[in-house]
Amino acid sequence: MKKKIPGRALGEAVRQLFKKPATSAYPFSKAKLQPRFRGRIAFEQEKCIGCKMCVRVCPAKAIDIVLSADQPPAPAPVEGQTTPPAKKKFDCIMNLDRCIYCAQCVEVCPKKALISTDDFELAQLDRKALRRHYK
């Protein structure tokens, strides 16, 4: 059995005063992120072709791709030529409360319309605030 020394705790306390802190000062200093950090998923509407590959691979069912309410007008017909259809616009509804940040949707998107950002401060008191409608 080890003998108890009464001043041992005091000596340890003094040693700790001169050591570098083991924790980070996160709220007061910016957090250091790793190079391949996966944060909030962002959506770039102009790149999306509406293939819904991201919806299919999402294990948490956190993504929904819908047809946008504001569609571009059809191009003016040119005489003697068939007019190509206007490129459709799509919106992304992201449920961040369900997302597990695996970034499979980012990897599978053929046009890179989904990107992983460095944003990680997503805490909310209201669950509805975690539903993002990217237009």
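# Reasoning through a predicted model

Author: Lys52 is placed in the loop between strand 1 and helix 2 (53-57). The model under discussion is a predicted one.

Reader: Why is Lys52 called partly exposed?

Author: The relative accessible area of Lys52 is 37%. Buried would require a value under 20% and exposed a value over 50%, so a residue in between is called partly exposed. Lys52 therefore takes that label at 37%.

Reader: What makes the phi of Lys52 worth a remark?

Author: Phi of Lys52 is near 60°, which is a positive value in a residue other than glycine. Lys112 is a further case, with a positive phi of about 55° although it is not a glycine. The position of Lys112 is the loop between helix 3 (104-108) and strand 4.

Reader: Why is Lys112 called partly exposed?

Author: Its relative accessible area is 43%. Exposed begins over 50% and buried lies under 20%, so Lys112 falls into the class in between.

Reader: Which elements make up the chain, and in what order do they run?

Author: The chain has three helices and five strands. Read from the N terminus, the order is α-β-α-β-β-α-β-β.

Reader: How do you know that the chain departs from a compact globule?

Author: For 135 residues, a compact globule would have a radius of gyration near 14 Å, whereas the chain has 26 Å. The box filled by the C-alpha atoms, taken along the principal axes, is roughly 100 × 25 × 25 Å. As for burial, 24% of the 135 residues count as buried.

Reader: What share of the contacts joins residues at least 24 apart?

Author: That share is 73%, taken among contacts between residues at least 6 apart in sequence.

Reader: What supplies the area that the chain exposes?

Author: The chain exposes about 10900 Å², and carbon and sulfur atoms supply 58% of that area. Among the side chains, 27 are positive and 13 negative, with the centres of the two sets 12 Å apart.

Reader: How many aromatic pairs does the structure hold?

Author: It holds two aromatic pairs. One of them joins Tyr26 and Phe120, with a centre-to-centre distance of 6.0 Å and an angle of 45° between the planes. Tyr26 belongs to the loop between helix 1 (8-17) and strand 1 (41-43), and Phe120 to the loop between strand 4 (114-116) and strand 5 (131-134), 94 residues apart.

Reader: Why is the pair of Tyr26 and Phe120 called tilted?

Author: Ring centres must lie within 6.5 Å to pair, and the planes are stacked under 30 degrees and edge-to-face over 60. The distance of 6.0 Å meets the limit and the angle of 45° fits neither of those two classes, so the pair of Tyr26 and Phe120 is tilted. Tyr26 is partly exposed at 32% relative accessible area, and Phe120 is partly exposed at 35%.

Reader: What makes the pair of Phe37 and Phe120 edge-to-face?

Author: The centres of Phe37 and Phe120 are 6.0 Å apart, and their planes stand at 80°. An angle over 60 degrees counts as edge-to-face, so 80° earns that name. This pair also links distant parts of the chain, with Phe37 in the loop between helix 1 and strand 1 and Phe120 in the loop between strand 4 and strand 5, 83 residues apart. Phe37 is partly exposed, at 29%. Tyr26, Phe37 and Phe120 form one aromatic cluster.

Reader: Which residues does Asp118 touch?

Author: Leaving out residues up to four places away in sequence, Asp118 touches Leu33 and Phe37. Asp118 is in the loop between strand 4 and strand 5. From Asp118 to Arg40 the C-alpha distance is 6.9 Å, while the two are 78 residues apart in sequence.

Reader: Why does Ala42 count as buried?

Author: Its relative accessibility is 12%. Buried means under 20%, so Ala42 qualifies. Ala42 lies in strand 1, and beyond its neighbours within four places it is in contact with Ala113, Leu114, Ile115, Thr117 and Tyr134. The C-alpha atoms of Ala42 and Tyr134 are separated by 8.0 Å, at 92 residues apart along the chain.

Reader: Why does Asn95 count as buried?

Author: Asn95, a residue of strand 3 (residues 90-95), has a relative accessibility of 11%. That value is under 20%, so Asn95 counts as buried. Setting aside residues up to four places away, Asn95 touches Ala62, Leu130 and Arg131. Its C-alpha atom is 8.5 Å from that of Asp64, which is 31 residues away along the chain.

Terms used. Residues are numbered from 1 along each chain as its sequence is written. This is a predicted model: local features need pLDDT of at least 70, side-chain atom pairs count only at pLDDT 80 or more; totals for chains, interfaces and linings use all residues. Side-chain values use heavy atoms; hydrogens and water are left out. Helices (H or I, at least four residues) and strands (E, at least two) are DSSP runs, numbered from the N terminus. The radius of gyration is taken over C-alpha atoms; the globule rule is 2.2 Å times the number of residues to the power 0.38. Buried means under 20% relative accessible area, exposed over 50%, partly exposed in between (1.4 Å probe, protein chains only). Contact means heavy atoms within 4.5 Å. Accessible areas come from the Shrake-Rupley method with a 1.4 Å probe; for residues, only the protein chains shown count as cover. Lys and Arg count as positive and Asp and Glu as negative; His and the chain ends are not counted. The place of a charge is taken as NZ of Lys, CZ of Arg, CG of Asp or CD of Glu.
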